[in-house]
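Ready to get to know a new protein chain? Grab the viewer and work through the exercises below at your own pace.

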Amino acid sequence: MVDNNNNNVNLPPGFRFYPTDEELVVHFLHRKASLLPCHPDVIPDLDLYPFDPWQLQGRALEEGNQWYYYSRRTQNRMTNNGYWMPMGMEEQVVTSSSNKRVGMKKYYVFHIGEAPNGNQTNWIMQEYRLSDSASSSTRSSSKRKSQPKSVSIFLILRV
């Protein structure tokens, strides 16, 4: 059964997707980078940069005014109508039980127009990536043939 008000077709009716930063990194991103299955498999892969944020509806996991998806990290953060500009410093994502760093989170704001003179919008993106120590241990412990390079989870919000 598909809920027409919600794009979470892989979640049972009544379930919502509101993960913490730790859950996004540990239960989804780490498994993705290790080429392990995620259950439930609800976050889609998406090449972000051809799309403006308002074009993500129906392409990414939507929960309220938030869109989640996996994408490769890249230096080019430009879309057809604008660009994502970093804001602030990266923040650590730590485990609640041991306060161990498992990932990093960076914020971006979408600007319409050409860099650096675009107009700031109310679209915010959070990029979650594995911390350097977590990603290097993943690579060294994995015997798999191909590792996804620089995969991140992105969360886009309209505030």
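Here are four exercises on this predicted model, each with a worked solution.

**Exercise 1. Get the overview: work out how many helices and strands the protein chain has, and in what order they come.**

Start by counting: the secondary structure comes to 2 helices and 6 strands. Next, walk along the sequence, and you'll read the pattern α-β-β-β-β-β-α-β. Then look at how the chain packs: 45% of its 159 residues count as buried. Finally, check the contacts with a separation of 6 or more: residues 24 or more positions apart account for 66% of them.

**Exercise 2. Find out which strands pair with strand 2, and in which sense.**

Begin with strand 1 (residues 61-63): strand 1 and strand 2 pair in the antiparallel sense over 3 bridges. One pair to look up here is E62 with its bridge partner W67 in strand 2. The hairpin of these two strands has 2 residues between them, and G64 takes a positive phi near 65 degrees there. Now turn to strand 6 (residues 151-158), which is joined to strand 2 by 7 bridges and runs antiparallel to it. For an example, pick Y68, whose bridge partner in strand 6 is L155.

Last step: is strand 2 largely enclosed or not? Of its 7 residues (66-72), 6 are buried, so the rest of the structure largely encloses strand 2.

**Exercise 3. Locate T79 and decide whether T79 is buried or exposed.**

First, go to the loop between strand 2 and strand 3 (82-94), where T79 is found. Now apply the cut-off: buried means under 20% relative accessible area. T79 has 9% relative accessibility, so T79 counts as buried. Who are the neighbours? Leaving out residues up to four places away in sequence, T79 touches Y49, F51, D52, W84 and F110. With D52 there's also a polar contact of 2.3 Å between the two side chains.

**Exercise 4. Do the same for T121, then trace what its side chain reaches.**

T121 sits in strand 5 (residues 119-130). Its relative accessibility is 17%, so T121 counts as buried too. Next, follow the side chain: at 2.7 Å, the side chain of T121 reaches the backbone oxygen of F110. A polar atom of that side chain also lies 3.2 Å from the backbone nitrogen of W123. To finish, list what T121 touches, again not counting residues up to four places away in sequence: V109, F110 and I112. Spot the shared name: F110 is touched by T79 and by T121.

Methods
Residues are numbered from 1 along each chain as its sequence is written. This is a predicted model: local features need pLDDT of at least 70, side-chain atom pairs count only at pLDDT 80 or more; totals for chains, interfaces and linings use all residues. Side-chain values use heavy atoms; hydrogens and water are left out. Helices (H or I, at least four residues) and strands (E, at least two) are DSSP runs, numbered from the N terminus. Buried means under 20% relative accessible area, exposed over 50%, partly exposed in between (1.4 Å probe, protein chains only). Contact means heavy atoms within 4.5 Å. Two strands pair if DSSP finds at least two bridges between them. A polar contact is a pair of N or O atoms within 3.5 Å; within protein, one must be able to donate a hydrogen and the other to accept it, and residues adjacent in sequence count only if both atoms are side-chain atoms.
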